[in-house]
Amino acid sequence: MPRKRVRLEHAVEYLSILDEKGRVDEKLEPQIDKETLLDIHRTMLLSRRLDERMLTLQRQGRIGTFAPAKGQEASQVAAMAALTGNDWFVPAFRETAAMLWRGTPPENLLLYNAGYSEGGAIEEGTHDLPISIPVASQIPHAVGIGYASGLRERDEVTITFFGDGATSEGDFHEALNVASVLKTPVIFLCQNNHWAISMPRGRQSESRTLAQKGLAYAIPSLQVDGNDVLAVYSAVQEAAQRARDGEGPTLIECVTYRLTVHTTADDPSKYRDEEEVEKWQEREPITRLQTYLKKKRWLSDKQIDKLEKEIEEQVDEAWKTAHERIESLNDSQVIFDHGYAEMPDYLESQRQSFADRLKEGE
Ligand SMILES: Cc1ncc(C[n+]2csc(CCOP(=O)(O)OP(=O)(O)O)c2C)c(N)n1
Ligand SMILES: [Mg+2]
């Protein structure tokens with residue numbers, strides 16, 4: 001009965017194609033047509049500008065708490081661009097950029113963040129799931145969807161997004177285990193943005209990479225530069241092909257950074273250094289993509305200025321639409337309405353007392 005070694009051939013690959021200086025590894029460069037790349041760029045920029053507008057609106061008290069996507073646009077948009085509309089999209093709560101790529105109107109995001117749940121409703125016939133606030137709770141849902149696609153023999157891949165903090169949750173581990181055993185066509189996309197509110201990545205887990213957590217479940221897993229559109233696109237494209245070929249799930253750890261607040265209810269100056277943010281600002285994904293597109297002569301400064309104006313108008317228009325809807329509903333008590341099919345007595349009385357208080361204030 002000797003003491004033996006069980007050999008495990010494990011290593012985690014790190015993929016980077018377009019670096020922070022805009023240099024490209026041509027051997028690894030994926031074939032993405034000009035139109036798709038310009039669409040990716042436009043969506044990333046729209047997400048950034050919408051985030052900024054929402055932050056202002058929140059500070060003015062016009063909308064409620066939300067979680068900005070600033071800095072994580074490449075991880076989200078490039079991943080979605082490598083999939084089709086028929087594939088399933090299972091977001092957490094920070095996926096504004098991915099949602100915009102899927103066609104969610106910006107006014108819906110504004111309405112949702114202003115507390116009107118109709119803004120979060122999913123359009124019939126799309127393969128998108130709603131925003132999920134409880135950390136990691138959406139990951140088992142994605143595996144269930146993937147399992148169903150397999151049973152129905154449909155050519156569908158499911159992608160789910162979650163953060164570094166979510167990899168400490170039981171839901172994450174249970175979902176990975178089942179996905180691996182059942183070989184479900186699921187892509188687990190972890191946006192390691194280095195923070196889970198005030199908990200730094202280094203204290204979240206002693207694992208050297210988060211990707212290696214997938215290896216424990218025999219799931220092909222890798223790290224990619226999450227601010228590199230080309231690397232994220234390639235990794236997701238490869239994972240999708242594996243899923244379509246019946247080879248099951250993949251875990252992709254996108255190494256990125258949350259460039260701003262966790263949510264609008266947070267003050268990061270209490271727990272992280274501005275120097276760290278500045279360091280990551282230099283690796284920012286939108287400028288990097290612009291450098292690449294300019295080198296290819298697919299985008300010029302003049303075109304960027306024009307695009308910025310168009311986006312500003314689009315965001316103005318979206319807020320006008322959302323604001324008009326809010327005014328027409330004229331019901332600030334709507335926040336009480338959608339938690340239960342039948343409202344419990346205690347909530348009914350809270351709704352009433354809120355209404356009375358508003359009346360008193362008139
Ligand atoms: C089950 C659960 N616990 C706690 C929270 C409060 N909470 C919201 S976001 C968050 C941190 C999540 O960090 P991470 O998974 O890294 O995602 P990120 O916010 O960085 O995108 C926590 C603890 C929650 N929403 N759900
Ligand atoms: Mg995080």
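These questions and answers concern ligand 1, the largest pocket and the largest cavity of a predicted model.

Q: What makes the approach of ligand 1 to the side chain of arginine 94 a polar contact?
A: An oxygen atom of ligand 1 is 2.8 Å from an N or O atom in that side chain. A pair of N or O atoms within 3.5 Å is a polar contact, so the arginine 94 pair qualifies.

Q: Why does the pair formed by ligand 1 and aspartate 164 count as a polar contact?
A: An oxygen atom of ligand 1 lies 2.9 Å from an N or O atom in the side chain of aspartate 164. The cut-off is 3.5 Å, and therefore this pair counts as well. The protein covers 69% of the 580 Å² of accessible area that ligand 1 has on its own.

Q: Which part of isoleucine 133 faces a nitrogen atom of ligand 1, backbone or side chain?
A: The partner is a polar backbone atom of isoleucine 133, at 3.1 Å from the nitrogen atom. This too is a polar contact, because the limit is 3.5 Å.

Q: Which residues are closest to ligand 1?
A: Of the 15 residues that surround ligand 1, the closest are Arg94, Asp164, Gly165, Asn193 and Trp195. By class, the shell holds eight nonpolar, four polar and three charged residues.

Q: Where does ligand 1 sit?
A: Ligand 1 takes up the space of the largest pocket. That pocket has about 290 Å³ of space. Its lining has 21 residues, with Phe93, Val135, Gly163, Gly165 and His262 nearest the centre. Strand 3 (158–163) and strand 5 (195–196) each supply at least two lining residues.

Q: What makes up the lining of the largest pocket by class?
A: There are nine nonpolar, eight polar and four charged residues in this lining.

Q: Why are two residues in the lining of the largest cavity classed as polar?
A: The lining consists of Met99, Leu109, Tyr112, Gly119, Gly120, Ile122, Pro130 and Ile131. Gly counts as polar, so Gly119 and Gly120 are the two polar residues. The other six are nonpolar, and no charged residue is present. The largest cavity holds about 40 Å³ of space.

How values were computed
Residues numbered from 1 in each chain as written. Chains lettered and ligands numbered in written order. Predicted model: local features only at pLDDT ≥ 70, side-chain atom pairs only at ≥ 80, totals over all residues. Heavy atoms only, no water. Near = heavy atom within 4 Å. Polar contact = N/O pair within 3.5 Å; in protein donor to acceptor, adjacent residues only side chain to side chain. Areas by Shrake-Rupley, 256 points an atom, 1.4 Å probe, with all protein chains shown as cover. 1 Å grid on protein atoms, 1.4 Å probe; cavity = no way out; pocket = protein on both sides within 12 Å on 5 of 7 lines; lining within 4 Å. Sits in = over half its atoms within 2 Å of the grid points. Points joined across faces, edges and corners; volume = space filled by probe spheres on them. Helix = DSSP H or I, 4+ residues; strand = E, 2+ residues; numbered from the N terminus.
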